[in-house]
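Student: I am new to this structure and would like a close look at one part of it. Please take the helix that gives the most to the core, and put it in the setting of its chain.

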Amino acid sequence: MAGTAVRGRLTWQVATVGAVRPETSSVRTIDLDVPDWAGHRAGQHLDIRLTADDGYVAERSYSIASAPGEPVQVTVERLDDGEVSPYLTEELRPGDEIEIRGPIGGYFVWDGTEPQHPLLLLAGGSGVVPFRSILRHRARIGSTVPVRLLYSARSLPDVIYRPELAASGDGVDVSYTLTRQQPPGWTGHSGRVTPDLLAGVAWPDDLMPLAFVCGPTAFVETVAGALVGLGYPAGQVKTERYGGAGAS
Amino acid sequence: MSPVTRGFHGRRREPAEQSGRVPPGQYVTSDFPVLSAGPTPHASLDSWTFSIRQAGDTSKSWTWEELRALPAEDVTADIHCVTRWSKLDTRWRAVSIDTLLAQVDHQARFVLAFCDGGYTTNLPLADVTSGQAWLAYDYDGAPLAPEHGGPARLLVPHLYFWKSAKWVRGLELLAADEPGFWERYGYHNYGDPWREQRYAGD
């Protein structure tokens, strides 16, 4: 495992907002022009700080959606009871300036330097964001590591990056489970991820797969526990969670 | 001084957030969010022990029954997670680390907490003594749930909550500081929320 990914002090810097693109009705991808970006690894996150005119500040962390070497992007889901995510998804416009610092986190990362381990990516909702960085990184470095992505979303219109995921190319197998609403003729999975569903999707443990699980706490608890039940060593299952009222 | 963000007003501040009880950059939640790097371990209490180690040897070890027989305290504390949530007035049943260390001869200056699942975190001895740290097994009147670190976790409320190691199984007593899991991955070595020591260099 690589050591720290943080080089020296992480200072706040001003980023300029480029394009803001809708991904779903509640999710936006935001391009950030960061003059002094030190580069990031796939799976890392950054901090965003907003300052009100009375000096009040709010800070939150967001996964980086773009690959290492690409301009910085974040993909943000609006949480109805949130404070920062409604601003980022509804108010923020191209040309605005916000403060960021990063990249942060050296554990939930994939560099592509261990090609002997097939990848299993398990996303719940906007937990797919760091996996977009990983999949783009895989393509950019020409990796042939086989990947299976299982993405749990409420409904098809809630799926983030659907066209891009559909075009993932050779060696990347994307499957969906829709938990609340399935379109007519839906042939994917339905309902929340269960150990049985996971057993049908996951690489056999004897292939020494590396699993990344990202999503709300209940999703991560279920999925990570089920992977251990399938024989995955706990150290081969990396998790990242978000959730809790007011968490963004 | 941070530049003002156009159009950002923030939500109405909670009274608690204005009372000086919430460190900079934190917000108050009534939830108890879960954060961990891997799957939740499920330890069997029959074989569970808490050990104090020195130089690789176990100086003292308690079974679950022995731990539960030690004098315990009701602790009420505010906790602060590096991911920015703070939770006020959390209630724990816990054994003081002072009580445990009193049963061991040592000259240590640092401790490295070790846990099921391989997680570690480092603390100065001075931060886990003098009534500042506990081994906690009940939360809010019920056994501590596995996803929150049960059967037992450290409780070091004056530092960011990653120092309050979940699924803790013991303390290694050390003469020299040794970074733990998140401390090796770019998080601050000490983690004082009041000085916003989130990441290395803060």
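Tutor: A word on terms comes before the rest: the domain bounds used here come from an automatic or database domain assignment. The model itself is predicted. In chain A, that assignment gives domain 1 (13-104) and domain 2 (119-242). Taken over C-alpha atoms, the centres of domain 1 of chain A and domain 2 of chain A are 24 Å apart. Where these two domains touch, domain 1 of chain A contributes 16 residues and domain 2 of chain A contributes 13 residues. On the domain 1 side of that contact, β1 (13-24) and β5 (72-77) of chain A each supply at least two residues. That side divides into 6 nonpolar, 7 polar and 3 charged residues.

Now the core. The largest nonpolar core holds 114 residues, and those with the most contacts inside it are A:Leu121, A:Val223, A:Leu227 and B:Leu135. The helix you asked for is α5 (residues 217-229) of chain A, which gives the most to this core, with 7 residues. Domain 1 and domain 2 of chain A each provide at least three residues to this core. Setting aside neighbours within four places in sequence, A:Val223 is in contact with A:Leu122, A:Val193, A:Leu198 and A:Val213.

Helix α5 also belongs to the contact between chains. There, 47 residues of chain A meet 35 residues of chain B. α5(A) gives the most to the side of chain A that touches chain B, with 6 residues. Other elements giving two or more residues to that side include β3 (45-51) and α1 (85-91) of chain A. The side as a whole divides into 20 nonpolar, 14 polar and 13 charged residues.

Conventions: Residues are numbered from 1 along each chain as its sequence is written. Chains are lettered from A and ligands numbered from 1 in the order in which they are written. This is a predicted model: local features need pLDDT of at least 70, side-chain atom pairs count only at pLDDT 80 or more; totals for chains, interfaces and linings use all residues. Two residues are in contact if their C-beta atoms, placed from the backbone, lie within 7 Å. Helices (H or I, at least four residues) and strands (E, at least two) are DSSP runs, numbered from the N terminus. Ala, Val, Leu, Ile, Met, Phe, Trp, Tyr, Cys and Pro count as nonpolar, Asp, Glu, Lys and Arg as charged, and the others, Gly among them, as polar. A nonpolar core is a set of buried Ala, Val, Leu, Ile, Met, Phe, Trp, Tyr and Cys residues joined through C-beta atoms within 7 Å. A residue is buried if 20 or more other C-beta atoms lie within 10 Å of its own, exposed if 12 or fewer, and partly exposed in between; C-beta atoms are placed from the backbone.
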